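Dear colleague,

I am passing on to you the structure we spoke about, with the sequence alongside. Please have a look at it first; my notes on what was found follow underneath.

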Amino acid sequence: MSVVSKAVFISRRDTDRDPQSARAWSARAFVQSVFIIRGWDSSEKRRQDAQAFARRALSIDPKDTRAMSVLATVFISQAAFEQAVSMARQALEVRPDDPGALRTLPLALSGQGKTEEAIVLLQETVKRFPKANGAHYHLALLHTNKATPDFEAALKSFEAAITEEPPANILLHRAALLA
(Lines give C-alpha, C1' and ligand atoms only; values in the text may rest on other atoms or scores of the structure.)
Protein backbone atom coordinates (compact mmCIF):
# COMPACT_ATOMS: atom_id res chain seq x y z
CA MET A 1 0.00 0.00 0.00
CA SER A 2 1.45 3.38 -1.01
CA VAL A 3 1.81 6.26 1.42
CA VAL A 4 -1.06 8.08 -0.28
CA SER A 5 -3.30 5.03 -0.12
CA LYS A 6 -2.51 4.69 3.58
CA ALA A 7 -3.36 8.34 4.16
CA VAL A 8 -6.69 7.93 2.37
CA PHE A 9 -7.44 4.79 4.38
CA ILE A 10 -6.43 6.27 7.75
CA SER A 11 -8.30 9.53 7.21
CA ARG A 12 -11.48 7.65 6.26
CA ARG A 13 -11.08 5.32 9.22
CA ASP A 14 -10.63 8.24 11.61
CA THR A 15 -13.80 10.02 10.44
CA ASP A 16 -15.72 6.73 10.68
CA ARG A 17 -14.45 6.21 14.24
CA ASP A 18 -15.18 9.74 15.39
CA PRO A 19 -17.57 11.62 13.10
CA GLN A 20 -17.57 14.59 15.50
CA SER A 21 -13.82 15.18 15.26
CA ALA A 22 -12.97 18.36 13.39
CA ARG A 23 -9.35 17.23 13.32
CA ALA A 24 -10.27 13.96 11.58
CA TRP A 25 -12.44 15.74 9.00
CA SER A 26 -9.83 18.38 8.25
CA ALA A 27 -7.19 15.65 7.89
CA ARG A 28 -9.45 13.83 5.45
CA ALA A 29 -10.02 17.09 3.56
CA PHE A 30 -6.27 17.71 3.48
CA VAL A 31 -5.58 14.27 2.05
CA GLN A 32 -8.04 15.02 -0.76
CA SER A 33 -6.42 18.41 -1.34
CA VAL A 34 -3.00 16.80 -1.79
CA PHE A 35 -4.32 15.16 -4.96
CA ILE A 36 -5.31 18.63 -6.20
CA ILE A 37 -2.09 20.37 -5.06
CA ARG A 38 0.14 17.75 -6.69
CA GLY A 39 -1.89 17.74 -9.89
CA TRP A 40 -2.69 14.04 -9.56
CA ASP A 41 -6.46 14.55 -9.62
CA SER A 42 -8.22 17.89 -9.78
CA SER A 43 -11.54 16.43 -10.86
CA GLU A 44 -14.80 17.97 -9.75
CA LYS A 45 -15.43 14.91 -7.53
CA ARG A 46 -12.08 15.36 -5.77
CA ARG A 47 -12.75 19.08 -5.24
CA GLN A 48 -16.25 18.38 -3.95
CA ASP A 49 -14.95 15.78 -1.50
CA ALA A 50 -12.20 18.09 -0.22
CA GLN A 51 -14.69 20.92 0.13
CA ALA A 52 -17.34 18.79 1.85
CA PHE A 53 -14.84 17.34 4.34
CA ALA A 54 -13.40 20.80 5.09
CA ARG A 55 -16.86 22.28 5.59
CA ARG A 56 -17.73 19.39 7.91
CA ALA A 57 -14.63 20.16 9.98
CA LEU A 58 -15.56 23.84 10.12
CA SER A 59 -19.10 23.01 11.21
CA ILE A 60 -17.56 21.27 14.22
CA ASP A 61 -14.73 23.75 14.83
CA PRO A 62 -15.12 27.12 13.04
CA LYS A 63 -11.44 27.92 13.79
CA ASP A 64 -9.94 24.86 12.08
CA THR A 65 -7.25 26.53 9.99
CA ARG A 66 -6.31 23.35 8.13
CA ALA A 67 -9.89 23.11 6.84
CA MET A 68 -9.77 26.79 5.84
CA SER A 69 -6.53 26.20 3.94
CA VAL A 70 -8.06 23.21 2.14
CA LEU A 71 -10.98 25.40 1.06
CA ALA A 72 -8.51 28.03 -0.17
CA THR A 73 -6.76 25.32 -2.19
CA VAL A 74 -10.05 24.19 -3.71
CA PHE A 75 -10.91 27.79 -4.59
CA ILE A 76 -7.52 28.22 -6.28
CA SER A 77 -8.11 25.07 -8.33
CA GLN A 78 -11.41 26.61 -9.48
CA ALA A 79 -9.75 29.96 -10.27
CA ALA A 80 -11.90 31.56 -7.53
CA PHE A 81 -8.94 33.60 -6.36
CA GLU A 82 -10.89 36.23 -4.42
CA GLN A 83 -12.53 33.52 -2.32
CA ALA A 84 -9.16 31.79 -1.86
CA VAL A 85 -7.54 35.02 -0.65
CA SER A 86 -10.41 35.62 1.75
CA MET A 87 -10.26 32.09 3.17
CA ALA A 88 -6.46 32.11 3.54
CA ARG A 89 -6.57 35.49 5.29
CA GLN A 90 -9.28 34.18 7.61
CA ALA A 91 -7.03 31.26 8.54
CA LEU A 92 -4.11 33.60 9.18
CA GLU A 93 -6.27 35.74 11.47
CA VAL A 94 -6.90 32.64 13.59
CA ARG A 95 -3.34 31.33 13.38
CA PRO A 96 -0.73 33.68 11.86
CA ASP A 97 1.82 30.86 11.41
CA ASP A 98 -0.53 28.40 9.70
CA PRO A 99 1.58 26.64 7.03
CA GLY A 100 -1.35 25.93 4.72
CA ALA A 101 -2.54 29.52 4.71
CA LEU A 102 1.01 30.82 4.33
CA ARG A 103 1.24 28.65 1.19
CA THR A 104 -2.19 29.30 -0.30
CA LEU A 105 -2.42 33.07 0.19
CA PRO A 106 0.52 33.87 -2.12
CA LEU A 107 -0.76 31.39 -4.72
CA ALA A 108 -4.19 33.01 -4.66
CA LEU A 109 -2.67 36.49 -4.90
CA SER A 110 -0.56 35.35 -7.83
CA GLY A 111 -3.72 34.08 -9.50
CA GLN A 112 -5.13 37.58 -9.14
CA GLY A 113 -2.06 38.95 -10.92
CA LYS A 114 -0.48 40.23 -7.68
CA THR A 115 2.78 38.38 -8.22
CA GLU A 116 5.02 40.92 -6.49
CA GLU A 117 2.84 40.87 -3.35
CA ALA A 118 2.88 37.07 -3.45
CA ILE A 119 6.67 37.05 -3.73
CA VAL A 120 7.03 39.35 -0.71
CA LEU A 121 4.75 37.10 1.36
CA LEU A 122 6.70 33.98 0.39
CA GLN A 123 10.00 35.71 1.13
CA GLU A 124 8.68 36.51 4.62
CA THR A 125 7.54 32.90 4.99
CA VAL A 126 10.92 31.42 4.09
CA LYS A 127 12.64 33.81 6.51
CA ARG A 128 10.36 32.58 9.31
CA PHE A 129 10.44 28.94 8.19
CA PRO A 130 13.73 28.33 6.33
CA LYS A 131 13.09 24.57 6.04
CA ALA A 132 9.70 25.03 4.31
CA ASN A 133 10.74 23.58 0.97
CA GLY A 134 7.25 24.07 -0.46
CA ALA A 135 7.46 27.82 0.19
CA HIS A 136 10.90 27.97 -1.46
CA TYR A 137 9.52 25.98 -4.40
CA HIS A 138 6.52 28.27 -4.90
CA LEU A 139 8.78 31.30 -4.56
CA ALA A 140 11.01 29.92 -7.31
CA LEU A 141 8.01 29.36 -9.57
CA LEU A 142 6.78 32.92 -9.00
CA HIS A 143 10.24 34.28 -9.86
CA THR A 144 10.10 32.45 -13.18
CA ASN A 145 6.50 33.44 -13.95
CA LYS A 146 6.64 37.17 -13.33
CA ALA A 147 6.66 39.72 -16.16
CA THR A 148 10.45 39.95 -16.09
CA PRO A 149 11.62 36.54 -14.87
CA ASP A 150 14.40 36.51 -12.27
CA PHE A 151 16.12 33.23 -13.02
CA GLU A 152 18.91 33.84 -10.53
CA ALA A 153 16.41 34.30 -7.68
CA ALA A 154 14.44 31.30 -8.93
CA LEU A 155 17.53 29.08 -8.93
CA LYS A 156 18.43 30.26 -5.41
CA SER A 157 14.92 29.34 -4.24
CA PHE A 158 15.06 25.94 -5.96
CA GLU A 159 18.42 25.29 -4.26
CA ALA A 160 16.90 26.20 -0.88
CA ALA A 161 13.96 23.90 -1.60
CA ILE A 162 16.19 20.89 -2.15
CA THR A 163 18.32 21.27 0.99
CA GLU A 164 15.76 19.12 2.79
CA GLU A 165 14.22 15.88 1.47
CA PRO A 166 13.07 17.30 -1.86
CA PRO A 167 9.91 16.16 -3.58
CA ALA A 168 10.55 14.97 -7.13
CA ASN A 169 8.61 17.85 -8.70
CA ILE A 170 11.04 20.38 -7.18
CA LEU A 171 14.02 18.54 -8.64
CA LEU A 172 12.29 18.35 -12.02
CA HIS A 173 11.56 22.10 -12.15
CA ARG A 174 15.12 22.92 -11.06
CA ALA A 175 16.52 20.70 -13.82
CA ALA A 176 14.25 22.35 -16.39
CA LEU A 177 15.45 25.79 -15.33
CA LEU A 178 19.09 24.75 -15.71
CA ALA A 179 18.50 23.13 -19.10
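To begin with the surface, the protein exposes about 9700 Å², and carbon and sulfur atoms supply 54% of that area. Please keep in mind throughout that this is a predicted model. As for charge, the protein carries 24 positive and 20 negative side chains, and the centres of these two sets lie 4 Å apart.

Turning to the fold, the protein has 10 helices and 0 strands, so that its elements, read from the N terminus on, run α-α-α-α-α-α-α-α-α-α. The radius of gyration is 16 Å, close to the 16 Å that the globule rule gives for 179 residues, and the protein is therefore as compact as a globular protein of that length. Along its principal axes, the C-alpha trace spans about 50 × 35 × 30 Å. Of the 179 residues, 42% are buried. Where contacts join residues at least 6 apart in sequence, 47% of them are between residues at least 24 apart.

The interior is perhaps what you will want to look at next. The largest nonpolar core has 35 residues, and those with the most contacts inside it are Ala54, Val70, Leu71, Phe75, Met87 and Leu105. Two or more residues of this core come from each of the helices H2 (22-37), H3 (44-60), H4 (65-77), H5 (81-94), H6 (99-111), H7 (115-128) and H8 (133-145), and H4 gives the most, with 7 residues. If you would like one residue to start from, Met87 is in contact with Met68, Leu71, Ala72 and Phe75, once its neighbours within four places in sequence are left aside. Apart from this core lies another, of 6 residues, which include Ala140, Leu141, Ala154 and Phe158.

A last residue to look at is Thr115, which lies in helix H7. Is Thr115 buried or exposed? Its relative accessibility is 16%, and because the cut-off for a buried residue is under 20%, Thr115 counts as buried. Leaving aside the neighbours within four places in sequence, Thr115 is in contact with Ser110, Leu142 and Lys146.

With best wishes

Note on methods. Residues numbered from 1 in each chain as written. Predicted model: local features only at pLDDT ≥ 70, side-chain atom pairs only at ≥ 80, totals over all residues. Heavy atoms only, no water. Helix = DSSP H or I, 4+ residues; strand = E, 2+ residues; numbered from the N terminus. Rg over C-alpha atoms; globule rule 2.2 N^0.38 Å. Buried < 20%, exposed > 50% of the residue type's maximum accessible area, 1.4 Å probe, protein only. Contact = heavy atoms within 4.5 Å. Areas by Shrake-Rupley, 256 points an atom, 1.4 Å probe, with all protein chains shown as cover. Lys, Arg positive; Asp, Glu negative; His and termini not counted. Charge placed at Lys NZ, Arg CZ, Asp CG, Glu CD. Core = buried A, V, L, I, M, F, W, Y, C linked by side-chain atoms within 4.5 Å.
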